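Please walk through the two chains shown below, beginning with the fold of each and ending with the places where they meet. The explanation follows the order in which a reader might turn the structure on the screen.

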Amino acid sequence: MHPAFSVIFFTVASGAGFGLFSLLFLADFFKLGGGFSQDQLVAGGLIAMGLVVFGLLSSTFHLANPKNAWRAFSRFRTSWLSREGVFAMVFMPLALIYLGSIMFDASQWLRVISGFLTAVLAWITVFSTGMIYACLKTIRQWNTPLVPANYLALGYASGSLLLLLGAVVAGLDTTPYIAMSALIVSIAAVLKAIYYFWIHSPGLSPTINTATGLTRAKVKLLDTGHTHGTFLTQEFGFQIARQKAGLLKVVVFVLGFALPGLMLVWVFNQQGGQTAAIIAALAGLAGAAVERWLFFAEARHVVNLYHGAQRC
Amino acid sequence: MRLGLVIDLDVCVGCHACAIACKEWNASGTIGPLSDYQPYGAEPSGVWFNRIRHYEMDEYPNNKTVNFPMSCMHCEDADCVTVCPTGASYKRPEDGIVLIDQDKCMGCNYCSWACPYGARELDRSSGTMKKCTLCVDRIYDQDLPVEERQPACVLTCPAHARMFGDFDDPDSAVSRTVRERSGFPLMPELNYNPTNQYLPPRRMPVIPVDAKPRGGLKESIKQFANKLVRR
């Protein structure tokens, strides 16, 4: 699959934003490390919402006809893309109610209920983002429950690293935040490792024989029938060399998981302080972006079978 | 009704006439235009509803070239319809034709990702997705003579490799042909239930040739000498 940068930016930024917001609610509810002040909570919430809004806006850049984008909320019952949009739109006012109830010292029950609902909606929205890809039967590398699991784990991992940065800047006791980040980042790393292991084996997938129905003999492409590329070759023809993909997987693990892990140790040992927390957050986001690029680059659509691939 | 095509892989000669006729009709049809990019340039490309590929099955000396026209299969369980977030993509309940409402499409490409047959192509000039309409603006046209109320590709095919009809009717020509010739759908394992069916290449009887005449003593010596000589 052709990796579109607007979609990569959208999924990474909105994932981190949704993760940050729901973990911010947890930090507020349990008063982790002494608890953020009102102003700090509102600032953190607005940063999270900013990430989500910028992500959603950038996602409209890959639309060829964005003037019809408002219609995307209409097929909630069947389309995961529509569901994602609807959930994100319901998330926004609830998040604003939560932040408002903090800012204007509203009653505790309003703050807790709106915060809880916002956190749940954030989870559901990121799950929907993953399901957009996981529900496609045409791409074996995506059609697995590991995909929404990866989207959730990586979104919450980058969100937790951003929250840790906030805790360091706010001068809170960082121990609970470090523990939370360490847990979520390790879960994300393990899930990603399982995913890479899973897509490595060919599995049960269509072949050029089932694609053409000529199943009793070897089939090979003689001619694609087009002079230059087509929409299909531009959208689905992208291929990445196995060696390059392997190298990028190392980058994902070093940048996305190992470096933030090392920085967590530094913050825990009171070394580096803010710089270490900033490096952890940026490395987490960069790792997620490389992971997302690879997620697209490694996906092989079955239409490639008609263009000569023996299996996908 | 469940309208669709039958494509005979045995007689298709790979002339691309169906693709040309399709483009000619649909460029000015309900879903047109079908934009071309650099039609006379170095990298000609564009939107087509019909694409013909050419394959070789088996290996020499049993090999055979198979010409393979493909267009929208008008699937029964069309994921391209269910994944569409705007409702632009729809399947007509009355005849099973899958269509795209050009006024609703936002050009997100998601339906093309869901289609395993590569039937959907984005038109860069209008920013909308386009696909085979089964010539919906032709097959119901009361102004045309009855025999011309068929998709342009079917009418034009010089080898009669394409048939159009109703698969819900077990006695229709398409249903009977598929039964008799063991027609098959493409990629059935994905469970899209495509309506269009393909007829396999026939097994042709081996054409008998006369046995090689014996050449006598002179020929035998020649052959023996040929085997001895190293070239």
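Chain A of this predicted model is built from ten helices and one strand, and read along the sequence these elements follow the pattern α-α-α-α-α-α-α-β-α-α-α. The radius of gyration of chain A is 22 Å, close to the 20 Å that the globule rule gives for 312 residues, so chain A is as compact as a globular protein of that length. Along its principal axes the C-alpha trace of chain A spans about 70 × 45 × 30 Å, and 49% of the 312 residues count as buried. If one takes the contacts in chain A between residues at least 6 apart in sequence, 76% of them join residues at least 24 apart.

Helix H6 of chain A, residues 175-200, is a good element on which to pause. This helix has 26 residues and reaches 37 Å from its first C-alpha to its last, close to the 38 Å expected at 1.5 Å a residue. Which residues of H6(A) are buried? They are A:Tyr177, A:Ile178, A:Met180, A:Ser181, A:Ile184, A:Val185, A:Ala188, A:Ala189 and A:Lys192. An α-helix has 3.6 residues a turn, so residues three or four places apart point the same way. The partners against which the buried residues of H6(A) pack are three further helices of chain A, namely H5 (146-170), H9 (242-268) and H10 (274-297).

Chain B has seven helices and eleven strands. Whereas a compact globule of 231 residues would have a radius of gyration near 17 Å, chain B has 23 Å, and its C-alpha trace spans about 85 × 50 × 35 Å along the principal axes. Of the 231 residues of chain B, 45% count as buried, and among contacts in this chain with a separation of 6 or more, 57% come from residues 24 or more positions apart.

Within chain B, three strands form an open sheet in the order E10-E1-E11, with mixed pairing. The edge strands, each of which pairs on one side only, are E10 (162-166) and E11 (197-199) of chain B, and the twist averages 25° from one strand to the next. Strand E1 of chain B, residues 3-8, runs parallel to E11(B) and is joined to it by three bridges; B:Val6 has B:Gln197 in E11(B) as its bridge partner. Helix H6 of chain B, residues 173-181, packs on this sheet and touches E1, E10 and E11 of chain B, while its direction makes about 120° with that of E10(B).

Another helix of chain B, H1 (residues 17-27), has B:Cys18, B:Ala19, B:Cys22, B:Lys23, B:Trp25 and B:Asn26 as buried residues. The buried residues of H1(B) pack against a mixed set of elements in chain B, comprising the strands E4, E5 (64-70) and E10 together with the helices H4 (136-139) and H5 (152-156).

E4 of chain B leads on to the meeting of the two chains, for which the contacts can be considered as a whole before the details. In all, 44 residues of chain A are in contact with 46 residues of chain B. On the side of chain A that touches chain B, helix H3 (80-103), helix H7 (208-212), strand E1 (219-223) and helix H8 (231-236) of chain A each supply at least two residues, and E1(A) gives the most, with five residues. The residues of this side of chain A divide into 19 nonpolar, 18 polar and seven charged.

How does the strand of chain A contribute to this meeting? E1(A) pairs in the antiparallel sense, over four bridges, with strand E4 of chain B, residues 51-57, and in this pairing A:Val219 stands opposite B:Met57 in E4(B).

A last residue to follow is B:Ser112, which lies in helix H3 of chain B, residues 110-114. Is B:Ser112 buried or exposed? B:Ser112 is buried, because 23 other C-beta atoms lie within 10 Å, and 20 or more are enough for a residue to count as buried. Leaving aside residues up to four places away in sequence, B:Ser112 touches A:Glu235 of the other chain as well as B:Arg120, B:Leu122 and B:Met129. B:Ser112 and B:Met1 are 111 residues apart in sequence, and their C-alpha atoms are 25 Å apart in space.

Methods:
Residues numbered from 1 in each chain as written. Chains lettered and ligands numbered in written order. Predicted model: local features only at pLDDT ≥ 70, side-chain atom pairs only at ≥ 80, totals over all residues. Rg over C-alpha atoms; globule rule 2.2 N^0.38 Å. Buried ≥ 20, exposed ≤ 12 C-beta atoms within 10 Å, placed from the backbone. Contact = placed C-beta atoms within 7 Å. Expected span 1.5 Å × (residues − 1). Nonpolar A, V, L, I, M, F, W, Y, C, P; charged D, E, K, R; others polar. Pairing = 2+ DSSP bridges. Axes fitted to C-alpha atoms, helices over the stretch in contact; angles between N-to-C directions.
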